[in-house]
Amino acid sequence: MPENPFPETAPTTPARPLRLGVAGPVGVGKSSLIATVCRALAAELEIGVITNDIYTDEDARFLRSAGVLEPERIRAVETGACPHTAIRDDVTANLLAAEDLAADFAPLDVVIIESGGDNLTATFSPALVDAQIFVLDVAGGGDVARKGGPGIGRADLLVVNKTDLAPHVGVDVEQMVADASAAREGRAVIALSRTDEDSVAALRGWLLDVLASYRSGAHVAQDPGPMAPHFHADEDGVGVLHSHADGDHAHAHDHDDAVAR
Amino acid sequence: MNPTSAPPARPAPASVAMLLADARLPGGGHAHSASLEPALLGGLPAADVPAWMVGRATTVGLVEAGTAVVAARVLTSGPHGLDHDAALSTVERAWAARTPSRALRDASRLLGRGYLRVARSLWGPHPAVAAVAARATRSSSPPRAVVLGAVAAAAGLDAVDVVRLTVYDDAQTAASALLKLEPLDPLVPARWVLDACAAAEAHVGRVAACTTPDDIPSSGAPLTEGWAEAHALTNQRLFRA
Ligand SMILES: Nc1nc2c(ncn2[C@@H]2O[C@H](COP(=O)(O)OP(=O)(O)O)[C@@H](O)[C@H]2O)c(=O)[nH]1
Ligand SMILES: [Mg+2]
């Protein structure tokens, strides 16, 4: 019996690679971003990748064919048509795959987990990942960042992807980043294009910072939460904006979902 | 009254059975279809699903159930330790001999691994769970039925409830997978779940009485085995098995 009966759930076992989630709607460029990260860091980091396709192993095959990692380091897990569940409510399949990758290619530095593209509300459970990136693209429209949601608001990093397309879709990238930064109360935002070297360097730097922080024990996994922050009035009629991800479940409030629990 | 000397309250075995049967328990089960997706891909007409569910409940379902029952018996008898390990390997061999498809054995071991996480979290210190956990290596976990046996031993589940739980879980897994694979009123397969459980009732006593690995039923489902092998090779699937 190993010393620690739950190596896969220990929050920061130094021996365990950093687990990084990449979430966001279908088509925003999650797989491409992972390929970009692998390309930018393959020389200095040992990386493994897990994909959560909905119906095929398309993402895993795309990444293998991108030639950025040994094909064996890229694994697909089935999600039973519930990509949302597989990264939040029941992360078992992903945890086991992450554990296997880490053991098969020890010592790994990072295991990157791509969510099966779901909607704006899908985020990773901190039981699965230490940090997560939420990806949007400019083609989805400049106002998406303002609309918010748990991933947009509280993922460790928000990527506004495909900035090279901005002129073609009439989106003001600076404005979109400013909106996103406001919605995120200053959390990190990177405007990315795989063809823009500086933006790739920024992404690379962000990941290395998170890894260093994780290794030093300073990094604390954040749960963006399954719900968007929401607004409800207190007794004086003064609004309180709060999010259920901030560890504030204990305070008494009487709106619908609290009653339903 | 001295509250510190009161024994800790324990959940009723029936409550534990409900927890285990609840798909919301995070053990990795949601990625599995209890062989339904392989069957549909293999050509089983959707209209035959209810009969197929009854078939499972009275054949392969009983192999799983008998395995869990015998594992629990082994783990609750005699002194703990090496004897249990040897006995558990005999149980596992008996199960493997009755589960000829490698794809199905692999899927069951994967489910067993997820289930073992649940078991260790909830009943970790119990010797029955520890005995099964000690047999897990990274590449090969005990199958789900054996892990269920350990949980049954730890939580005090009756053998008849272990059989019913196994049959119900299998049927409900297929029923909920069906809703992802075929357009259907969700209440329709709920009826089929009850029908499958009802069909198994005639066998519950016999399977619950199994005590040795040889007693485990050996009723097979060859088409299911073949479909599972074919499904494992596809890359267009929603479910692991
Ligand atoms: N123009 C442009 N296209 C991109 C960029 N990143 C990804 N794409 C394209 O966006 C599409 C979807 O990318 P993919 O990585 O599969 O998205 P995913 O569904 O989020 O994994 C593909 O056609 C990519 O080539 C980018 O930086 N610029
Ligand atoms: Mg993808």
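These exercises work through a few local features of the predicted model.

**Exercise 1. Find out where Arg98(B) sits and which polar partners its side chain has.**

Step 1. Locate the residue. Arg98(B) is in the loop between helix H5 (82-97) and helix H6 (102-123) of chain B.

Step 2. Check for a salt bridge. A salt bridge needs a side-chain nitrogen of Lys or Arg within 4 Å of a carboxyl oxygen of Asp or Glu. The nearest side chain of opposite charge, Asp214(B), is 5.1 Å away. Arg98(B) is buried and has no salt bridge.

Step 3. Look at backbone oxygens instead. A polar side-chain atom of Arg98(B) lies 2.9 Å from the backbone oxygen of Ile216(B). The backbone oxygen of Pro217(B) is reached at 3.2 Å.

Step 4. List the neighbours. Leaving out residues up to four places away in sequence, Arg98(B) touches Val63(B), Pro213(B), Asp214(B), Ile216(B), Pro217(B) and Ser218(B).

**Exercise 2. Work out which residues of helix H3 (residues 49-57) of chain B are buried, and what they pack against.**

Step 1. Pick out the buried positions. They are Val49(B), Trp52(B), Met53(B), Arg56(B) and Ala57(B).

Step 2. Place them around the axis. They span an arc of only 140 degrees, so they are on the same side of H3(B).

Step 3. Name the partners. The buried residues of H3(B) pack against helices H2 (36-41), H4 (60-76), H9 (159-181), H10 (187-208) and H11 (222-232) of chain B.

**Exercise 3. Describe the surroundings of ligand 1.**

Step 1. Start with the nearest residues. There are 15 residues around ligand 1, and Gly27(A), Lys30(A), Ser31(A), Ser32(A) and Asp164(A) come nearest.

Step 2. Add a backbone contact. A backbone N or O atom of Gly27(A) is 2.8 Å from an oxygen atom of ligand 1.

Step 3. Add side-chain contacts. An N or O atom in the side chain of Glu114(A) lies 3.1 Å from a ligand 1 oxygen. For a polar side-chain atom of Arg194(A), the distance to an oxygen atom of ligand 1 is 3.0 Å.

**Exercise 4. Compare the phi values and burial of Lys162(A) and Ser35(B).**

Step 1. Read phi. Lys162(A) has phi near 60 degrees. Ser35(B) has phi near 75 degrees. Each is a positive value in a residue other than glycine.

Step 2. Place both. Lys162(A) is in the loop between strand E6 (157-161) and helix H7 (166-169) of chain A. Ser35(B) lies in the loop between helix H1 (13-21) and H2 of chain B.

Step 3. Judge burial. Buried means under 20% relative accessible area. Ser35(B) has 6%, so Ser35(B) is buried. Lys162(A) has 23% and therefore counts as partly exposed.

Key: Residues are numbered from 1 along each chain as its sequence is written. Chains are lettered from A and ligands numbered from 1 in the order in which they are written. This is a predicted model: local features need pLDDT of at least 70, side-chain atom pairs count only at pLDDT 80 or more; totals for chains, interfaces and linings use all residues. Side-chain values use heavy atoms; hydrogens and water are left out. Helices (H or I, at least four residues) and strands (E, at least two) are DSSP runs, numbered from the N terminus. Buried means under 20% relative accessible area, exposed over 50%, partly exposed in between (1.4 Å probe, protein chains only). Lys and Arg count as positive and Asp and Glu as negative; His and the chain ends are not counted. A polar contact is a pair of N or O atoms within 3.5 Å; within protein, one must be able to donate a hydrogen and the other to accept it, and residues adjacent in sequence count only if both atoms are side-chain atoms. Contact means heavy atoms within 4.5 Å. The arc is that of the directions from the helix axis to the C-beta atoms. A residue is near a molecule or strand if one of its heavy atoms lies within 4 Å of it.
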